[in-house]
Amino acid sequence: MSQLFPGAVVEPVELAETKGMVCIRTAGESDVESLSVYFTGLSTISRNKRFSGARTDLSAVAAECVAKSDRLDHFTLLAELRQEGQGRIIGEARYAYDEAVRHGEFAISVADAFHRMGLGLQMMTAMETRAIDLGHELIAAETARTNAEMRGLAKKAGFRDTGLGDWQSVHLAKRLSR
């Protein structure tokens, strides 16, 4: 896509607040350590929201995120901030297609310092575009009823509450189309 950012899945953008370029790209095996550092840097609240509870095995989680990267229907996108030739992960979105239920599911997080800058929506849009390119027609996620940020982001991205959640969770879904 970009000669400056050869792995980008969308055109890199400059976030005025960061004084750097943000590249959304596909994660690979070489990203496990950086992704582990990213997860460790999330606040406890953000980690609990992303993983639906406390997780301490963040290196294992990072490895899981890229473990199936050789399969088209399982991928992790990373938002990487590049400043002065250095890159650091500031967001991630993991996607997996479930053939049995015929829809993709995702989880997403953005580093605390980068909330409310539009990065989550950019990552969701890139993820949806990739799912559409794979021929997928529906994408879904589940979040805690108390996770107002995720519910707001999902609504902004066109997701609807399916009513399939329980007293603790909300099930969100969106039909994909070109």
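This is a short talk about how the helices and strands of one predicted model fit together.

Hi everyone, and thanks for coming. Please keep in mind throughout that we are looking at a predicted model. I'll start with a helix, move on to the strands, and then visit a few side chains.

Let's begin with helix H1, which covers residues 32–41. Which residues of H1 are buried? They are Leu35, Ser36, Tyr38 and Phe39. If you look down the axis of H1, these buried residues fall within an arc of 160°, so they line one face of the helix. Turn to the other side of H1 and you find Glu33, Val37 and Gly41, which are exposed. And what do the buried residues of H1 pack against? Their partners are two helices, H2 (44–51) and H3 (58–67), together with three strands, E3 (74–83), E4 (86–98) and E5 (103–110).

Helix H3 gives us another example to try. Its buried residues are Leu58, Val61, Ala62, Cys65 and Val66. They cover an arc of only 130° around the axis, which puts them on the same side of H3. The cover over these buried residues of H3 includes H1, H2, E3 and E4.

Now for the strands. How do E3 and E4 run relative to each other, parallel or antiparallel? E3 and E4 are antiparallel, and ten bridges join them. If you want a place to put your finger, find His74, which stands opposite Ala96 in E4. E3 and E4 make a hairpin with two residues between the strands, and there Glu84 takes a positive phi near 50°.

Follow the chain onward and E4 pairs with E5. This pairing is antiparallel too, with eight bridges. One pair to look for is Ala93 with its bridge partner Ile108 in E5. E4 and E5 also form a hairpin, this one with four residues between the strands, and Arg102 in the turn has a positive phi of about 60°.

There is another set of strands further along. Strand E8, residues 169–175, has six of its seven residues buried, so E8 is largely enclosed by the rest of the structure. Which strands does E8 pair with? Seven bridges join E8 to E6 in an antiparallel arrangement, and there Glu142 has His171 in E8 as its bridge partner. E7 and E8 run antiparallel as well, joined by two bridges, and Arg160 stands opposite Ala173 in E8.

While we are in this area, have a look at Leu138 in strand E6, which spans residues 138–144. Leu138 and Glu105 are 33 residues apart along the chain, yet their C-alpha atoms are separated by 8.8 Å. Leaving aside neighbours within four places in sequence, the contacts of Leu138 include Arg102, His103 and Gly104, and also Ala173 and Leu176.

Next, a charged residue. Is Glu80, in strand E3, buried or exposed? With a relative accessible area of 10%, Glu80 counts as buried, because the cut-off for that word is under 20%. The side chain of Glu80 makes a polar contact of 3.3 Å with that of Arg25, and another of 2.6 Å with that of Arg82. Beyond four places away in sequence, the residues that Glu80 touches include Met21, Val22, Cys23, Gly87 and Ile89.

Let's finish with the aromatic rings. How many aromatic pairs does the structure hold? There are four. In one of them, the rings of Tyr38 and Phe39 have their centres 5.5 Å apart and their planes at 50°, so the pair is tilted. You met both residues on H1, and both are buried. Ring pairs link Tyr38, Phe39 and Phe51 into a cluster.

Another tilted pair is Phe106 with Phe159, at 5.5 Å centre to centre and 55° between the planes. Phe106 lies in strand E5 and Phe159 in the loop between helix H5 (148–156) and strand E7 (160–161), so the pair ties together parts that are 53 residues apart in sequence. Both Phe106 and Phe159 are buried.

One last ring before I stop: the charged end of Arg130 sits over the ring of Phe75, 4.3 Å from its centre. Thanks for listening, and do go and find these residues in the model yourselves.

Conventions:
Residues are numbered from 1 along each chain as its sequence is written. This is a predicted model: local features need pLDDT of at least 70, side-chain atom pairs count only at pLDDT 80 or more; totals for chains, interfaces and linings use all residues. Side-chain values use heavy atoms; hydrogens and water are left out. Buried means under 20% relative accessible area, exposed over 50%, partly exposed in between (1.4 Å probe, protein chains only). The arc is that of the directions from the helix axis to the C-beta atoms. Contact means heavy atoms within 4.5 Å. Two strands pair if DSSP finds at least two bridges between them. A polar contact is a pair of N or O atoms within 3.5 Å; within protein, one must be able to donate a hydrogen and the other to accept it, and residues adjacent in sequence count only if both atoms are side-chain atoms. Rings of Phe, Tyr and Trp (its six-membered ring) pair if their centres lie within 6.5 Å; planes under 30 degrees apart count as stacked, over 60 as edge-to-face and the rest as tilted. A charge sits over a ring if NZ of Lys or CZ of Arg is within 6 Å of the ring centre and within 35 degrees of the ring normal.
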